[in-house]
Amino acid sequence: LGQRGTFEAQRCFVRCFSQGGVLKHDRSGEEGCWQRRFTKAKRRRVAMLQQINAAHDQLRVFYELGRQRMLEKGEITTEDAVKFARIDERLFHLQKDPLQREFFEAKKQFHEDYIRKHFALGREEE
């Protein structure tokens, strides 16, 4: 009953009504189910993006603290600290770029639609 019971509970059903001898389907139940599912997916996506942004901000802070600590200990010079800050800023910018994230997403990276969209090479396909 474990997995099958949860599967049955997640399915969207269409209610059938008999009106005047004709069997009709009430799609409001199905549409409502899909609307709730879409809302739930959007909520999960927003929560995931908030976690990503929080982790990104924490990473920036820790990199800055690490550079300051290395500078105080004399392990790097001021010029090196500035250079590392510039490199880190470029890396953080790449991580926040949605096009770069889409490229490195494993499910989309070599998909035909992605390649057609981003690598058209100046010709229109029919």
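Is Phe-92 buried or exposed? Phe-92 is buried, because its relative accessibility is 6%, and a residue counts as buried under 20%. This tour, which passes through a predicted model, returns to Phe-92 after a view of the whole chain.

**The whole chain**

Please begin with the full chain displayed by secondary structure. Five helices and two strands are present. Followed from the N terminus, their order is α-β-β-α-α-α-α. The chain has 126 residues, of which 10% count as buried. Two of the helices supply most of the stops below: helix H2, which covers residues 28–73, and helix H3, which covers residues 78–96.

**First stop: the aromatic pair**

Please select Tyr-63 and Phe-92 and display their side chains. The structure holds one aromatic pair. Tyr-63 and Phe-92 form this pair, with 5.5 Å from centre to centre and 55° between the planes, an arrangement described as tilted. The two residues belong to distant parts of the chain: Tyr-63 is in helix H2 and Phe-92 is in helix H3, 29 residues apart.

The two partners may now be viewed with the surface switched on. Tyr-63 has 38% relative accessibility and therefore counts as partly exposed. Phe-92, by contrast, is buried at 6%.

**Second stop: a nonpolar patch**

Please keep Tyr-63 selected and add Leu-59, Val-61, Phe-62 and Leu-65. Together with Tyr-63, these residues make a nonpolar surface patch of about 470 Å². Tyr-63 thus has a part in the aromatic pair and in this patch. Leu-59, another member of the patch, lies in helix H2. The relative accessible area of Leu-59 is 31%, so this residue is partly exposed.

**Third stop: a salt bridge between H2 and H3**

The next selections concern charged side chains. Side chains of opposite charge can pair when their charged atoms come close. How many salt bridges does a search of the whole structure find? The search finds three.

Please select Arg-60 and Glu-89. Their side chains meet in a salt bridge, at 2.4 Å from N to O. This contact also links distant parts of the chain, with Glu-89 in helix H3 and Arg-60 in helix H2, 29 residues apart. Both partners are partly exposed: Glu-89 has 42% relative accessibility, and Arg-60 has a relative accessible area of 31%.

**Fourth stop: a network around Arg-67**

Please centre the view on Arg-67 and add Glu-64. The side chains of Arg-67 and Glu-64 meet in a salt bridge of 2.5 Å, N to O. Both residues lie in helix H2, three residues apart, which is about one turn of the helix.

Please then add Asp-88. The side chains of Asp-88 and Arg-67 meet in a further salt bridge, likewise given as 2.5 Å from N to O. Asp-88 is in helix H3 and Arg-67 is in helix H2, so that this pair, 21 residues apart, links distant parts of the chain. Through shared partners, salt bridges join Glu-64, Arg-67 and Asp-88 into one network.

Which members of the network are buried, and which are partly exposed? Arg-67 is buried, with a relative accessible area of 11%. Asp-88 is buried as well, at 12%. Glu-64 counts as partly exposed because its relative accessibility is 34%.

**Fifth stop: the loop and the end of H3**

Please select Thr-77, which is placed in the loop between H2 and H3. Thr-77 is partly exposed, with a relative accessible area of 40%. A distance drawn from Thr-77 to Arg-67, C-alpha to C-alpha, is 10.0 Å, and the two residues are 10 apart in sequence.

Lys-96 is the next selection and lies in helix H3. Its relative accessible area is 37%, so Lys-96 is partly exposed. Please add Asn-53: Lys-96 and Asn-53 are 43 residues apart in sequence, yet 8.7 Å apart in space, C-alpha to C-alpha.

**Last stop: a positive patch**

Please finish with Arg-37, Lys-40, Arg-43 and Arg-44, which form a positive surface patch. Arg-44, one of these residues, is placed in helix H2. Is Arg-44 buried or exposed? Arg-44 is exposed, with a relative accessible area of 57%, because the term applies over 50%.

Notes: Residues numbered from 1 in each chain as written. Predicted model: local features only at pLDDT ≥ 70, side-chain atom pairs only at ≥ 80, totals over all residues. Heavy atoms only, no water. Phe/Tyr/Trp six-rings, centres within 6.5 Å; stacked < 30°, edge-to-face > 60°. Helix = DSSP H or I, 4+ residues; strand = E, 2+ residues; numbered from the N terminus. Buried < 20%, exposed > 50% of the residue type's maximum accessible area, 1.4 Å probe, protein only. Patch = residues over 30% accessible without salt bridge, like charges linked within 9 Å, V, L, I, M, F, W, Y side chains within 5 Å. Areas by Shrake-Rupley, 256 points an atom, 1.4 Å probe, with all protein chains shown as cover. Salt bridge = Lys/Arg side-chain N within 4 Å of Asp/Glu carboxyl O. Lys, Arg positive; Asp, Glu negative; His and termini not counted. Charge placed at Lys NZ, Arg CZ, Asp CG, Glu CD.
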